[in-house]
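Reader: I am new to this structure and would like to be guided through it by questions and answers. May we begin once it is on display?

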Amino acid sequence: MEYEIHATRDGAYGPVDYTTPLPGELTFADMLAATRAAADTTGRPATLVDDEGEPVLTIESDIMVL
């Protein structure tokens, strides 16, 4: 089963949605860590999505990016 991270980051002209595919050999803990890193990097929520496009979980950022 393949997973992706869906997140939003700030672009030159406003928010930009992006998707990051995750390698299939990652453990669920690694996927959680990658989703947390995406949220903390952008300061916005990041969602882990399965291969059918269904959200598995959404993680809010603990860090406020100004």
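Author: A definition comes before the questions: two strands are said to pair if DSSP finds at least two bridges between them. Please also note that the model is predicted.

Reader: In what order do the elements of the protein run from the N terminus on?

Author: The protein holds one helix and four strands. Read from the N terminus on, these elements follow the order β-β-α-β-β.

Reader: Which residue of β2 is the bridge partner of Ile-5?

Author: Strands β1 and β2 form a hairpin, with two residues between them. The two strands pair in the antiparallel sense over nine bridges. Within β2, the bridge partner of Ile-5 is Thr-20.

Reader: Which residue in β3 does Ile-5 stand opposite?

Author: Strand β1, residues 3-11, also pairs with β3 in the antiparallel sense, here over four bridges. Along this pairing Glu-4 stands opposite Val-49. For Ile-5, the residue opposite in β3 is Leu-48.

Reader: Which residue in the turn between β3 and β4 has a positive phi?

Author: Strand β4 covers residues 55-59 and runs antiparallel to β3, the two being joined by four bridges. In this pairing Ala-46 stands opposite Ile-59. The two strands form a hairpin with five residues between them, and the residue in the turn with a positive phi, about 80°, is Gly-53.

Reader: Are the residues on the two faces of strand β3 buried or exposed?

Author: In a regular strand the side chains alternate between the two faces of the sheet. In β3, residues 46-49, Ala-46 and Leu-48 lie on one side, while Thr-47 and Val-49 lie on the other. Both faces are covered, and these four residues are all buried.

Reader: How far apart are the end C-alpha atoms of α1?

Author: Helix α1 has 15 residues, and at 1.5 Å a residue it should span 21 Å, the expected span being 1.5 Å times one less than the number of residues. The model agrees with this expectation, because the end C-alpha atoms of α1 are 21 Å apart.

Reader: Which residue with a positive phi follows α1?

Author: Helix α1 comprises residues 28-42. The residue that follows the helix has a positive phi, near 75°, and is Gly-43.

Reader: What covers the buried residues of α1?

Author: The buried residues of the helix are Met-31, Thr-35, Ala-38, Ala-39, Asp-40 and Thr-42. Their cover includes strands from both sides of the helix in the chain order, β-β-α-β-β. The strands included are β1, β2, β3 and β4.

Reader: Which residues does Thr-35 touch, not counting residues up to four places away in sequence?

Author: Thr-35 is found in helix α1. At 0% relative accessibility Thr-35 counts as buried, because buried means under 20%. Not counting residues up to four places away in sequence, Thr-35 touches Ile-5, Ala-46, Thr-47, Leu-48, Leu-57 and Ile-59.

Reader: How many residues apart in sequence are the parts that Asp-10 and Arg-44 tie together?

Author: Asp-10 forms a salt bridge with Arg-44, and the closest N and O atoms are 2.5 Å apart. Asp-10 lies in strand β1 and Arg-44 in the loop between α1 and β3, so the pair ties together parts whose separation in sequence is 34 residues.

Reader: Is Asp-10 buried or exposed?

Author: Its partner Arg-44 is partly exposed, with a relative accessible area of 27%. For Asp-10 the relative accessible area is 53%, and exposed means over 50%, so Asp-10 is exposed.

Reader: What separates Arg-36 and Asp-40 in helix α1?

Author: The side chains of Arg-36 and Asp-40 meet in a salt bridge, at 3.8 Å from N to O. At 29% relative accessibility Arg-36 counts as partly exposed, whereas Asp-40, at 19%, counts as buried. Because the two residues are four apart in helix α1, what separates them is about one helical turn.

Reader: What radius of gyration does the protein have?

Author: Along the principal axes, the C-alpha atoms fill a box of roughly 35 × 20 × 15 Å. A compact globule with 66 residues would have a radius of gyration near 11 Å. The value for the protein agrees with this, being 12 Å.

Reader: What share of the 66 residues counts as buried?

Author: The protein exposes about 4,400 Å², of which carbon and sulfur atoms supply 55%. Of the 66 residues, the share that counts as buried is 29%.

How values were computed:
Residues numbered from 1 in each chain as written. Predicted model: local features only at pLDDT ≥ 70, side-chain atom pairs only at ≥ 80, totals over all residues. Heavy atoms only, no water. Buried < 20%, exposed > 50% of the residue type's maximum accessible area, 1.4 Å probe, protein only. Contact = heavy atoms within 4.5 Å. Salt bridge = Lys/Arg side-chain N within 4 Å of Asp/Glu carboxyl O. Rg over C-alpha atoms; globule rule 2.2 N^0.38 Å. Areas by Shrake-Rupley, 256 points an atom, 1.4 Å probe, with all protein chains shown as cover.
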